Every structure is written in C-alpha cells, then in structure tokens.
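Got the model open in your viewer? Let's walk through it one selection at a time.

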Amino acid sequence: MDDLKYQVDLLTALNERLMKSEKMYRRIAECSGTLFMYFDLKSSPAKVDLVGPWDDMVGEKIANHPYDESYMLNLLLDEDQDEFRIHMLELEREGLESGSCEVRSRNKRYWLSCFAKVTYDDEHRPIEKIISIKDITKIKMNSEELEYLAFYDSLTGVYNRNYFVRKFRDMCELADSEETSVEIMFVDIDDFKKINDSIGLLFGDELVQEFGQYLKDFNSDDILVGRFGSDVFVIAVYNPCGQRSADVVYRKIKERLRHPFVLTNKTELMFTVSCGVAEYPDAGRTALEVIKNAEIVLYKAKERGKNGIQYFELEILNKFINNISVEKQLKEAIETNGFQLYYQPQYYASDGKLRGAEVLLRWPDPEGDGFITSPDEFIPIAEKNGAIVPIGNFVLKEALKTFNDWRTKYHIPMILSVNISAVSLEKENFVDTVSHALSLYGVSPEVLELEITESVFINNFEDVIDKIKTLRGLGIRVSLDDFGTGFSSLSYLRQIPIDTIKIDRSFIETAVKDDSSGIIYESVIEMSKKLGFETVAEGVETREQFNYLREKKIDIIQGFLLGRPISKVEFEKLLIRQMP
Ligand code: G
Ligand code: G
Ligand code: MN
C-alpha cells in the first residue's frame with residue numbers, strides 16, 4: 001500500500017511539476033508577443049496547439065475554435081494566403097526544414113512575419129512543425145515611410161530628385177541596350193516668384209502641389225515624373241514616338257493650363273510654363289549631362305520670353321559655356337581694373353564744332369593688343385549677374401576724372417555722354433552715386449549726359465521717371481539712346497523728361513537710299529525738334545549721309561566718318577587740334 005501511495009505521490013508531484021513548467025512556457029510564449037503554432041505531425045490528422053497571445057492578435061478567442069488550415073488562412077488577406085500556404089503549411093510535403101514569409105492579416109491589416117521549422121526523424125519522416133508569427137506592423141510602417149521619403153517628393157507625390165535621377169539613369173542604360181532614346185523635359189512655372197509674392201508661400205506651395213498632382217498622372221512604365229526644386233518639374237519619356245513624346249506632353253500641359261487651378265481658399269489661378277527638352281544620347285554622353293543640358297535650354301526658353309518650349313541645340317550650350325567663362329573673367333577684370341574707356345567725338349552739324357564725346361567701355365586683352373570681347377557681348381552678361389553695377393560706377397568715375405583732367409589742361413567746353421544700364425538706374429542709390437562722382441572731381445552737372453535706353457522704363461515706369469526728374473533737377477542731362485529700336489511709342493515720348501534723342505544707327509543707311517525710310521528719318525528729326533529735344537544722328541559713316549543730315553537740320557552728328565571711338569591719349573591729340 002505504502003508503495004502505491006508513494007507512486008501516486010510521485011506521479012502527482014511529477015504532474016504538478018509538469019503543469020507548472022507548461023504554465024511557465026505558456027506564460028513566456030505569451031509575453032514574447034509571438035504566436036506559435038505547434039503541429040504534431042505524427043498523429044493524423046496533425047494535432048495543432050496554439051501558444052502565445054492569439055486572442056489579442058486575432059481579436060477573438062481563437063482557442064475556442066477547432067483548428068484547421070482554412071481557419072488560419074481565413075485570417076489572412078486573400079492575396080497573401082497562397083504565400084502563407086506555400087511557405088508555412090506545405091513545408092513538410094516538400095521535405096524542407098524551414099521557411100519564412102511576410103503576410104497581412106485580413107481584419108486590421110497587420111503585417112505578420114512568419115517563420116516555420118520542421119523536425120524529421122532518422123528516416124526523414126516529419127515529426128513536428130513549429131510556426132512562429134510576429135507582428136511587424138510598426139517596423140513595416142516606419143520603413144514604408146522612410147522609403148516614401150527616400151523616393152518621393154512629400155509635397156506633390158512625384159519622384160524626388162535623387163530617385164528620379166536614379167530611374168532616369170536606368171532608363172538611359174536600357175535605351176543603350178535597346179538602341180533607342182530618352183527625352184527629358186524641364187517644366188518650370190513662369191514668374192513663380194511673383195505668384196508666390198502675391199498669394200503667399202503657403203498657397204504657392206498649394207499651387208505647386210496641384211500642378212504636381214496633375215503632372216503625376218503622366219507617370220507610367222515609359223514616363224517618369226519628378227520634382228527638382230520649388231517649381232521645377234522634370235518628365236522623362238522613354239523611347240519617344242507617336243503619341244508619346246515630350247512634345248505631346250507639352251501640348252497636354254498647355255491644354256490643361258488654359259483652365260485655372262483652384263486653391264482651397266477658392267482662389268482661381270492661371271499661369272504659364274516654360275520647358276527645356278534634351279534627348280539622351282544625342283544631347284549628352286551621360287544621363288547627368290543630358291539633365292544639365294535640358295536645364296540650360298530651359299533658361300533659353302525663359303530668355304525668349306517664357307510660355308514656350310526650347311529643344312536642345314549645341315549652339316545654345318556653347319554660348320552658355322562661353323558666357324560662364326566671360327562671367328569669370330569679368331569678375332577678375334573688376335578686381336584688377338581691367339577695363340579702359342574710349343571716347344567717340346560728337347560734332348554740331350551746323351558749324352562743325354566739337355560738342356563732346358560718348359564714353360565707351362572697352363575690355364583690353366592683357367596678353368595682346370586686341371580686346372577680350374565687345375561690350376555688345378559682355379554687357380548683357382554683366383547685366384544679368386549684376387556685375388554691371390560696379391563696372392558702371394567705374395565708367396562714371398573714370399570718365400569724370402578724365403574730364404577734370406582735360407578741363408584743366410585744354411579749357412575746351414564739352415559734354416560727356418555716359419551709357420547707363422537699366423540695372424544701374426534701378427538701384428536705390430543711383431542718384432547719390434552720380435552726384436558723389438561729380439563732387440569727387442568737382443565737375444559741374446551740366447557737362448554730364450546720361451544715355452539711357454527705352455528698356456529702363458519697362459519694369460517700373462513711375463520710379464524711373466522720378467529718378468530722371470531728380471537727376472535733371474541737379475542739372476544733369478539725359479539722353480534717349482538707340483531711338484527707334486524699342487517700342488518708340490510717341491505718346492510715351494511726351495511723358496519722359498529728357499534732353500536729347502539719339503536716332504539709332506541702323507536707320508541712317510537706308511534713309512539716304514530709300515525715299516520712304518528717308519521720310520521716317522526726317523519726321524523723327526522734326527518731331528524731336530518740336531518736342532524740344534536735341535537730336536543726335538548715330539552711325540554716320542559717309543559724306544552722303546553727313547550732307548543729308550545737315551540738310552535735314554539735325555543737331556549733332558556722331559559716327560566713323562567724323563571720328564571713331566579712340567583712347568584717352570588719342571582723344572587728347574584731337575583736343576589739342578581744337579585749341580584756339
Ligand atoms: O562701343 P560699342 O559699339 O561696341 O558698344 C556696344 C554697346 O555697348 C552699345 O549699345 C553701347 O551703348 C554699350 N556700351 C558701351 N559702353 C558702355 C558702358 O560704359 N556702359 C553701358 N551700360 N553700356 C555701354
Ligand atoms: O548703343 P550705342 O549708341 O551706345 O552704341 C554706340 C556704339 O556704336 C559705339 O560703341 C561705336 O562703336 C558704335 N559706332 C559709332 N559710330 C559708328 C558708325 O559710324 N558705324 C558703326 N557701324 N558703328 C558705330
Ligand atoms: Mn550710346
């Protein structure tokens with residue numbers, strides 16, 4: 001009896017220990033946050049044990065359901081069920097030891113990472129299988145978000161710069177192997193800065209967003225859409241042909257832009273875009289080179305007046321490269337005083353007396369006796385990058401210094417005409433700069449004439465008029481240069497306060513040859529006289545032109561016939577000849 005009792009006690013104790021240990025393992029499994037499925041493959045059908053926090057994960061008491069495979073599969077999204085079956089359930093039939101997969105649960109869109117391991121006996125018969133399932137939703141979300149940030153532009157949802165470039169590179173590689181091409185198109189909103197200034201940054205962003213979302217719809221297997229910067233979008237078209245090309249995309253965009261974009265505050269906005277297009281491999285040896293060249297021709301489209309498309313041309317690229325080198329040299333020339341002034345005489349037509357000189361900038365080549373390039377080329381570049389302001393200040397000071405020099409030496413009355421860029425005139429302190437230069441050399445304002453062109457009136461008419469009035473109030477003369485080449489509206493001529501009109505040199509050649517041109521020239525002289533302006537004829541090269549102008553009672557004559565632009569030293573010789 002004792003023996004039996006001992007055995008029972010022992011069994012009870014063993015049982016207790018087993019139960020305790022099972023409880024412990026179950027607790028551990030629950031706390032691990034991982035779901036386990038234990039398959040006993042020796043019994044048929046296989047016995048399944050579910051361990052771990054199943055109820056929490058599935059949202060119902062799973063332990064109450066008898067397990068079968070379809071139940072487990074039903075918990076998963078339809079499209080992920082095959083994945084789970086192949087990798088988890090069919091392992092042992094394939095004789096595999098382990099497998100893994102990531103699937104989504106049906107109800108809450110959990111992401112589950114599953115791992116399965118099968119154990120075999122000596123004859124390679126499956127004994128048991130354990131599937132462990134982990135909730136990786138958080139990890140997945142974070143990495144998706146990171147992936148999104150890494151590839152997409154968060155404002156518009158199109159590709160960001162890095163990813164676009166990567167995909168474009170791949171496209172170019174593919175184009176190489178398939179012997180075709182890829183077009184890339186820069187699309188830039190015209191005057192976006194003005195739009196931003198008028199509606200505010202936030203709505204500006206919204207406009208970019210709306211436009212970006214419109215462009216995003218072009219995305220397809222053959223078309224990539226990306227955003228490079230504030231309002232700069234790029235579109236790549238693989239193997240352009242027929243209805244799929246940058247040109248077709250451009251026309252569709254233009255069509256869309258005929259209707260306004262509506263913002264959340266109900267503002268309706270219309271705008272235009274400029275486009276630059278370059279094609280790989282024609283427009284560059286590498287993907288990056290083609291991207292760069294498309295951007296360069298975009299600027300050309302802007303220069304040409306916006307709202308247009310510009311295709312890559314080698315000439316544009318060469319000009320661009322040249323401009324960059326000129327820009328660099330200009331900077332050096334400003335620092336090293338590398339400029340020089342030339343002076344071209346002007347004479348009164350009636351008595352042939354010297355009226356004065358036009359001051360003309362020259363850029364001598366320090367390594368030769370020629371010039372680096374002409375003002376026609378370098379002044380527009382200097383105007384674009386602002387270098388014209390220090391250059392213009394140099395011209396003004398140097399001219400007045402020279403004048404002062406000549407005045408004390410030769411006592412000949414004369415007027416100095418100095419060309420003024422619109423960029424300089426627009427500067428806040430322009431009037432101060434001029435009067436400061438005058439007082440620096442003690443030159444009286446009456447001898448200084450500022451030559452401006454019609455372009456100064458384009459941006460802020462009222463402002464410029466005010467400045468000109470102030471300058472004239474100081475006694476400085478103002479002359480309208482290149483008359484006849486701009487918009488030359490007669491009504492506005494009445495409104496601008498000037499002293500002199502210079503008729504552009506392009507008119508004189510035909511004026512003497514052809515009657516109707518002659519009539520126009522004559523009427524300009526007459527009109528100018530009636531408005532009380534002095535009139536200068538520019539570009540007079542022949543005796544015939546000279547006689548014609550004298551007959552038509554022009555006031556002043558300037559041109560190669562009477563004297564080319566010459567250096568300070570040369571001009572002094574001319575002054576000496578003028579001395580009484
Ligand atoms: O001298 P030349 O014909 O190369 O001059 C070409 C153009 O450059 C002309 O339109 C002339 O007005 C302009 N220009 C010459 N010198 C100056 C200057 O000192 N300042 C500005 N702004 N333009 C100049
Ligand atoms: O645009 P602006 O008027 O500033 O241009 C003046 C330039 O015109 C000077 O730089 C000078 O080189 C050029 N010029 C002056 N006289 C003549 C001329 O008789 N014929 C030609 N072709 N150019 C001239
Ligand atoms: Mn001039």
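Start with ligand 2. Of the 15 residues around ligand 2 (a residue counts if one of its heavy atoms lies within 4 Å), the ones that come nearest are Asp-482, Arg-505, Glu-538, Glu-541 and Phe-560. Before you click further, keep in mind that this is a predicted model, where local features need pLDDT of at least 70 and side-chain atom pairs count only at pLDDT 80 or more, while totals for chains, interfaces and linings use all residues. Residues are numbered from 1 along each chain as its sequence is written, chains are lettered from A and ligands numbered from 1 in the order in which they are written, and side-chain values use heavy atoms, with hydrogens and water left out.

Now show the polar contacts (pairs of N or O atoms within 3.5 Å). Pick Glu-541: an N or O atom in its side chain sits 2.5 Å from a nitrogen atom of ligand 2. Next, Asp-482 puts a polar side-chain atom 2.9 Å from an oxygen atom of ligand 2. Add Glu-358, where a side-chain N or O atom is 3.0 Å from an oxygen atom of ligand 2. On its own, ligand 2 has 530 Å² of accessible area (Shrake-Rupley method, 1.4 Å probe), and the protein covers 79% of that.

Move on to ligand 1. Select Leu-360, Leu-361, Arg-362, Pro-375, Asp-376, Ile-379, Val-395, Asn-419 and Ser-421 to see the residues around ligand 1. What does the backbone of Leu-361 do here? One of its N or O atoms lies 3.1 Å from a nitrogen atom of ligand 1. From the side chains, Arg-362 has a polar atom 2.9 Å from an oxygen atom of ligand 1, and Asn-419 has an N or O atom 3.3 Å from an oxygen atom of ligand 1. The protein covers 80% of the 500 Å² that ligand 1 has accessible on its own.

Next stop, a cavity. On a 1 Å grid over the protein atoms alone, that is a set of points where a 1.4 Å probe fits but cannot get out, and lining residues have an atom within 4 Å of a point. The structure holds 1 cavity of 30 Å³ or more, with about 40 Å³ of space in the largest; volume here is the space filled by probe spheres set on the points, which are joined across faces, edges and corners. Select Leu-425, Glu-426, Asn-460, Asp-463, Val-464 and Lys-467 to see its lining. Helix H18 (residues 461–473; helices are DSSP H or I runs of at least four residues, numbered from the N terminus) gives the most, with 3 residues.

How values were computed
On a 1 Å grid over the protein atoms alone, a cavity is a set of points where a 1.4 Å probe fits but cannot get out, and a pocket is an open set with protein on both sides within 12 Å along at least five of seven lines; lining residues have an atom within 4 Å of a point. Helices (H or I, at least four residues) and strands (E, at least two) are DSSP runs, numbered from the N terminus. A polar contact is a pair of N or O atoms within 3.5 Å; within protein, one must be able to donate a hydrogen and the other to accept it, and residues adjacent in sequence count only if both atoms are side-chain atoms.
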